[in-house]
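Thank you for coming. Please take a moment with the sequence and the model before I begin.

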Amino acid sequence: MSDTPGLFIQIYTDEDVNSALAAELRKRGYNAQSAAEADMLEQSDEAQLLYAASRNMAIMTRNEKDFVALAWQWADRGRDHSGIITSQPFSQEQFGELLRQTLRLLDTLTADDMRNAFVHLSQFR
């Protein structure tokens, strides 16, 4: 994973998001990693955000409630992150829709747009 920010958003999916998403994004040329691939399963939300931020990756999660609180805590402390993307639950049968919305997000926003942002994936239906 690159440690320097670039034009394109890099995605880190926490364990609440289908880990196959990261592999599908890589097949399409995007930089993506899942919590399982990073050996970060069962880590705290704070640890997940720290991991993503240290690699200039936006984190994707279904855990909106806790990550809203973390985003505010980080903002209050003047800490930067590469973005938080929240997603509604997608079943295995809806994986194509999860991928489609994620690709639309990646084709619409830049890494600069995502810096310290909190975005709902449903905006990209």
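Which residue in β4 does threonine 61 stand opposite? Threonine 61 stands opposite threonine 86, and here I should say that helices (H or I, at least four residues) and strands (E, at least two) are DSSP runs, numbered from the N terminus. This is a predicted model, in which local features need pLDDT of at least 70 and side-chain atom pairs count only at pLDDT 80 or more, while totals for chains, interfaces and linings use all residues. Residues are numbered from 1 along each chain as its sequence is written, and side-chain values use heavy atoms, with hydrogens and water left out.

Strand β3 pairs with β4, residues 84–86, in the parallel sense over three bridges, where pairing requires that DSSP finds at least two bridges between two strands. Between them the chain passes through helix α3, residues 64–76, in a right-handed β-α-β crossover; that is, with the strands pointing away from the viewer, the path from the first strand over the helix to the second runs clockwise.

Strand β3 also pairs with β1, again parallel and over three bridges, and there alanine 58 is the bridge partner of isoleucine 11. Ala58 and Met60 point one way from β3, Ile59 and Thr61 point the other way, and all are buried, meaning under 20% relative accessible area with a 1.4 Å probe, protein chains only.

Turning to helix α1, residues 20–27, we find Leu21, Ala22, Glu24 and Leu25 buried. They lie on the same side of α1 because they cover an arc of only 165° around the axis, taken from the directions from the helix axis to the C-beta atoms. Just after α1, glycine 29 takes a positive phi of about 95°.

Key:
Buried means under 20% relative accessible area, exposed over 50%, partly exposed in between (1.4 Å probe, protein chains only).
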